[in-house]
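Please read these notes with the model open beside you. Take the points in order, and find each element before you move on.

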Amino acid sequence: MIRFEPRTNPSAIMVYGIPVMAAIIAILLAAIPLALAGAPIIKAYGLMISGAFGSMFSISEMLTRATPLILTGLAAAIAFRAKLWNIGAEGQLYMGSMAAVAIGSGVIDGPSYIMIPVVLIAGAVAGAVMLIGPTLLKTRLGVDEVVTTLLLNFIVILFVQMMLEGVLKDPMSMGWPQSEPVIDSAVLPPLIERMRVHLGLVIALTCAVALAIFVKRTVWGFEIRAVGENAAAARFSGISVTKTMVLVAMLSGGLAGLAGVSEVAGTRGYLATDLSPGYGYAGIVVAMLARLSPVGVIISAVFVASVFVGADSMSRAIGVSSYLADLIVAMSLLCVLIGGFLTRFKVRFEHQKSAG
Amino acid sequence: MSSAANPSLKTSRQLLLQLAAITKKFGPLIANDAIDLDLHKGEIVALLGENGAGKTTLMNILFGHYVADAGTVMVAGADGILAPLEPGAPQAALDAGIGMVHQHFALAENLSGLDNIVLGTEPIFRLRRDRTKARTKLAKLMAGSGLNVDLNQPVHKLTVGEKQRIEILKALYRDARLLVLDEPTAVLTPQEADSLFATLRQLAATGLSVIIIAHKLAEVLAVSHRIAVLRGGKKVGEMATDQADRRSIAELMVGRDVPVSRRSERAPGKPVIALRDVTIDRGDARRSLHGVNLMAREGEILGIAGVSGNGQAALAQLIAGLDRPDIGSVEIFGEKVTKFDAHQFAQNGIARIPEDRHHDGMVGSMTVAENIAIEDVRSRDYQKFGFLDFEAIRKRAEHAIVDYDVRCPGPDAPARLLSGGNIQKLILARVLEKSPKLILANQPSRGLDVGAQSEVHRRLLEAREGGAAVILISEDLDELLTLSDQIAVIHAGHVSAAIAAHDIDRSELGLMMAGQKKTDENTPRSGDPA
């Protein structure tokens, strides 16, 4: 018989060790589909590692992939901390990128030190606005934000498509539905010459550290934690739950919007409907792997990005499907969820004696 | 309690349960230290003790949730011969006819009472559901015990007392011979508690044995045949109820003199809060008030008596700043309140002690220090430019832990590790530290042990001495009568005129609480400014 006993105070080793263990177990479990595909397992792991870390180029690619994941991971982490279940980071990302393109592709021009902050702010505001509506519907009318934010994703993507076929369409694109390119002064410059990794990474890292300090050390962070952990007690003590939720919505939506700016002004240069391969959803996985810790998001985003980039290059080299990457990420999420359960409960196996 | 009111045990002295030298250690903590306890057929034994005395551990061993380090549990079989109960096997305990009613009910709210009772006793795979047998059995049980409840209603529509009856029926349906009730009256109104006791008496007369875990002395004296007192893991006393007296039991429980709360005579000062014709209509009787007039003055404790669910919640929400009147007005310190805002109320010197301290009183995952400062983090004392001043927050917590005797691992420990009594002390430290002018105490000692209860009472009286007005909402008449200067009765959203506590006739109060007498006379009392 198996019994679960709640743990009152999980140790630090468990809290930090379990996500790491989960990631390792998930990677090891990838051996099973690799073997089923008939691939040489040891060689495949080697190729995966070299694909993500083997050269300056691969590290740059990995970090380019990690950049939007850090931002959407932070967006999910801060929202989930307050129990605001924002599943709409994907839509907020697209709104952010669209705002950046609308302002940053020639409407106004100026030096980089003005243009870059302007597109960043425009994207963040657009993302934030996207989440305020569902949040007010939640706090005022009790509308489930999981449903509203999720459905808004599809609306936003269709809206972006419409705009790309219409006013935002680049006349020089030879009919492709894509926007005019972001002007040079608004482009996030690469950090290393001839590599793709760009200023967005620095912005993402800064956001992570700032958010960690904000949550831990400020009055607003205190109120967010209180509302997230026990909204009834927070309300009783005089904290406005609605105001706190709106603040969280602006932070979360804003961070997702920044991910869009970073992709459009840093990685891609123009907006198209395939800008994000689901970074908004992957951000949820990143945040869960990090156990909603902002600094942890950096680590888990790097992990998820290296799995994607590594598995991509491995699958190209030995000819297995690149869906393997999705599989590893999904398995590590499952492992973390199981691990999270194990930090809260002790499992006891008992030998079943013949019942008397 | 005389033996006349407490009919002596007439059943045969057949031993049903024998716990012998039960010892259980958790690391260095000895939760149970060689505890012996016997229980006869048809006997009601009260297991008394403060929080942490080892009552729950002992019951968990009986149920096989824990395995004792030493000692044996013997249960009489159908033939009346004692046999050892397999340790660590909950199923064995169930098979032996041991049933438990927890303080927090384990019922599926959306299912009917009948569903809840038969749940788990029916085979999973069956072609059709035939419950006539179950119904007949339950009808017999209900007739024999007075546990009447509509079995067809979904559980969420039942009152707390009715839910408890379902829980007891559930145990009896499974042929329990021994029923363990954990703090059964903590959630009941006085009337429901009385009816529960009558039922238990009736069941005991038919041969059921009962263990009641409790810390309210009066109730234990009323219902049990025998009392066993635990303290610090040891059994420190055991006596027949008709030979017990309240004071000596209380001392046994806490191991020291329990200070008796006494009110000094004190002339009340100026009005602090006045409600004028306040009506709040939320459609639900529990959350509505109708034309309420009420006033509390400096240095005065105004008790609000009433059966739970008669509008106390609405009154408390209003005074806590969480709700506003639909009609009528509230004056605090002589000024009409225009903005009902919990934060504003707290900052203006209103101390608010919530009814449900776990749910509304603390954020479990935040630290003790953060929970103490939670109402004041926006004040200059605890933040600079929006950044928390952890030094100041910690310092306040360190003082509070000493001054209010909050037992916890330290200011940085998560608050969820605290026991109920210590959570209440934490809340007192949070709200009383600022020398409030008005205190709203909503069920401040419910579910607390004797020691913590007397601490809460002492603090409230101290605040009254200091000139604060206290509004004490309670269902415990003893508490109201010892502490209050004036008592008003709330019934169905109507609040009676306040009566000086020493003029009050207990039975009349009972009638008013039951709605037998008009409570909405609203005759202005002497000294009430027109």
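The points below cover sheets, a cavity and two backbone angles in a predicted model.

1. **The six-stranded sheet.** Begin with chain B. Six strands form an open sheet there, in the order β6-β7-β8-β3-β9-β10. The pairing is mixed. As background, strands of a sheet pair through backbone hydrogen bonds, and they do so either parallel or antiparallel. The edges of this sheet are β6 (98-101) and β10 (234-240) of chain B. Each edge strand pairs on one side only. Direction ignored, neighbouring strands are turned by 20° against each other on average.

2. **One pair inside that sheet.** Look at β7 (residues 178-182) and β8 (residues 209-214) of chain B. They pair in the parallel sense, over five bridges. To see one contact of this kind, find L181(B): its bridge partner in β8(B) is I212(B).

3. **A helix on the sheet.** Which strands does α5(B) touch as it packs on this sheet? They are β6 and β7 of chain B. The direction of α5(B) makes about 170° with that of β6(B).

4. **The second largest cavity.** The count comes to three cavities of 30 Å³ or more. The second largest holds about 70 Å³ of space. Two elements of chain B give two or more residues to its lining: α5 (160-173) and α6 (190-205). So α5(B) deserves a second look, as the helix that packs on the six-stranded sheet and also lines this cavity. Among the lining residues are G161(B), Q164(B), R165(B) and I168(B), along with E192(B), S195(B), L196(B) and T199(B). L147(B) and L188(B) belong to the lining too.

5. **What the lining is made of.** How many of the lining residues are nonpolar, polar and charged? Four are nonpolar, four are polar and two are charged. The lining also draws on two domains of chain B: domain 1 (1-97 + 177-258) and domain 2 (106-176). Each gives at least three residues.

6. **The pairs around β1.** Strand β1 (residues 15-26) of chain B has two pairings to inspect. Eight bridges join β1(B) to β2 (residues 29-40) of chain B, and the two run antiparallel. In this pair, K25(B) stands opposite I30(B). β1(B) also pairs with β4 (residues 70-76) of chain B, in the antiparallel sense, over five bridges. Here A20(B) has T72(B) as its bridge partner.

7. **The four-stranded sheet.** Another open sheet of chain B has the order β12-β11-β14-β15, with antiparallel pairing. Its edge strands are β12 (289-297) and β15 (335-336), and each pairs on one side only. Five bridges join β11 (residues 271-280) to β14 (residues 327-332) of chain B. One bridge to locate is that of A274(B), whose partner in β14(B) is E331(B). Helix α9 (residues 312-319) of chain B packs on this sheet and touches β11, β12 and β14. Its direction makes about 125° with that of β11(B).

8. **Two backbone angles to check.** Most residues other than glycine have a negative phi. Two residues call for a look on that account. Phi of D175(B) is near 60°, a positive value. D175(B) is found in the loop between α5 and β7 of chain B. Where is D277(B) placed? D277(B) is in strand β11 of chain B, and its phi is positive, about 45°. Neither D175(B) nor D277(B) is a glycine.

Terms used. Residues numbered from 1 in each chain as written. Chains lettered and ligands numbered in written order. Predicted model: local features only at pLDDT ≥ 70, side-chain atom pairs only at ≥ 80, totals over all residues. Heavy atoms only, no water. 1 Å grid on protein atoms, 1.4 Å probe; cavity = no way out; pocket = protein on both sides within 12 Å on 5 of 7 lines; lining within 4 Å. Points joined across faces, edges and corners; volume = space filled by probe spheres on them. Nonpolar A, V, L, I, M, F, W, Y, C, P; charged D, E, K, R; others polar. Domains from an automatic or database assignment. Pairing = 2+ DSSP bridges. Axes fitted to C-alpha atoms, helices over the stretch in contact; angles between N-to-C directions. Contact = heavy atoms within 4.5 Å.
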